[in-house]
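Here's a quick tour of the model in front of you. Keep the viewer open and follow along.

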Amino acid sequence: MAQYFELHPDNPQARLLKQAVALLQQGGVLAVPTDSSYALVCHLDDRDAADRLRRIRQVDDKHHLTLLCRDLSELSNYAKVDNKQYRLLKAATPGAYTFILEATKEVPRRVSHPQRKTIGLRVPDHKVLQALLELHGAPLLATTLIPAGETEPLNDAREIRERYEHPLAAVLDAGACALEPTTVVDLTPLGDGDEPEVIREGAGPLATLGL
C-alpha cells in the first residue's frame, strides 16, 4: 500500500522527504506534485522501476518520458545543448516547460526515444519537488499522471492514493497543483538552423521563448 506524506508546500519536512528518497532508491514509483500537475517519478537508473512507471501510466517505449532536473547545469549533463538552445533554456527555467533535446550517453537508451534518441527535460518550479530532487541528488524519470483512457491529469492526492495504492510506493501531498500541462518545445531543429517546434502550448508562456 502506498505511503502518504503530507508536506508543507513552502517548507516541506525534511524527515518525510528523506523517507521518500529512500523509497525511490529502493525502486519505488512515487506520485509527486509539480508546477503543472501531479506526476509519476522513479529513479533514472532503475530499469524495473522505469518499466513499472510505464505500466502504471500504460504507455509504450515510444512515449516521451521526461527527466526532472534541479537546474540547467544538471540538465546539460543529459542533453546535448548548443548556444542557441542554452539561451532559450536559460530564459525559461525553472518553469512550466518541457524541452525535447538530443540525449547524451548519460541517458539510458531504454528511456530515450527509440528512433530519435531524444529526451524531454524539465527544471520544475515547485518547492517540494525541488527539495526532493536536491535530496535525491540526481534527475528523476517522470511522466504526467493521466490515468489510462482519460485526458486530464489527477490533481487530488487522496484520490491518487485510492486509485493507485498498490502500484505506488508513496504519494506526496502538497496540495492541489495548477492543473495546466507544461508547454512542450522541441529544440532539436535549432541544431539544423531551423526554428523550435511547439509540440504543445501549456502553462509556460511562448513569449518567454520569443515564439
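## Ground rules

Helices (H or I, at least four residues) and strands (E, at least two) are DSSP runs, numbered from the N terminus. This is a predicted model, so local features need pLDDT of at least 70 and side-chain atom pairs count only at pLDDT 80 or more, while totals for chains, interfaces and linings use all residues. Residues are numbered from 1 along each chain as its sequence is written, and side-chain values use heavy atoms, with hydrogens and water left out.

## The overall build

The protein chain holds 6 helices and 11 strands. Its radius of gyration is 16 Å, close to the 17 Å that the globule rule gives for 211 residues, so the chain is as compact as a globular protein of that length. (That radius is taken over C-alpha atoms, and the rule is 2.2 Å times the number of residues to the power 0.38.) Along the principal axes, the C-alpha atoms fill a box of roughly 50 × 35 × 30 Å.

Of the 211 residues, 53% count as buried; here buried means under 20% relative accessible area, exposed over 50%, and partly exposed in between, with a 1.4 Å probe and protein chains only. Contact means heavy atoms within 4.5 Å. Among contacts with a separation of 6 or more, 66% come from residues 24 or more positions apart.

## Surface and charge

The accessible surface comes to about 9,900 Å², and 44% of it belongs to carbon and sulfur atoms. These areas come from the Shrake-Rupley method with a 1.4 Å probe; for residues, only the protein chains shown count as cover.

On the charge side, there are 24 positive and 30 negative side chains, and the centres of the two sets lie 5 Å apart. Lys and Arg count as positive, Asp and Glu as negative, with His and the chain ends not counted. Each charge is placed at NZ of Lys, CZ of Arg, CG of Asp or CD of Glu.

## Two nonpolar cores

A nonpolar core is a set of buried Ala, Val, Leu, Ile, Met, Phe, Trp, Tyr and Cys residues joined through side-chain atoms within 4.5 Å. The largest one has 44 residues, and those with the most contacts inside it are Leu 67, Leu 75, Phe 99, Leu 121, Ile 160 and Leu 168. At least two core residues each come from strands S3 (39-43), S6 (97-103) and S7 (118-122), and from helices H2 (47-57), H3 (72-78), H4 (83-92) and H6 (157-163). Apart from this core lies another, of 22 residues, among them Ala 20, Leu 68, Ala 142 and Ala 170.

Take a look at Leu 121. Beyond residues up to four places away in sequence, the partners it touches include Leu 67, Cys 69, Leu 75, Tyr 78 and Phe 99. Gly 120, also in strand S7, is buried at 2% relative accessible area. With the same sequence neighbours left out, Gly 120 touches His 64, Leu 65, Thr 66, Leu 67, Thr 98, Phe 99 and Ile 100.

Over in helix H2 you'll find Leu 53, buried with a relative accessible area of 0%. Leu 53 and Cys 42 are 11 residues apart in sequence and 7.2 Å apart in space, C-alpha to C-alpha. Cys 42 is one of the residues Leu 53 touches, and others include Val 29, Leu 65 and Leu 141.

## Loops worth a click

The loop between H4 and S6 is the place of Pro 94, and the peptide bond from Thr 93 to Pro 94 is cis, with omega near -5 degrees. For positive phi outside glycine, try Gln 58, near 55 degrees. Gln 58 sits in the loop between H2 and strand S4 (66-68) and is exposed at 61% relative accessible area.

Leu 179 has a positive phi too, about 60 degrees. Its loop runs between strand S9 (170-173) and strand S10 (183-186), and Leu 179 counts as partly exposed at 36% relative accessibility. Ala 174 lies in the loop between S9 and S10 as well, but counts as buried, at 12%. The C-alpha atoms of Ala 174 and Val 32 are separated by 8.4 Å, with their positions 142 residues apart along the chain. Ala 174 also makes contacts with Leu 7, Pro 9, Pro 33, Tyr 38, His 126 and Val 128.
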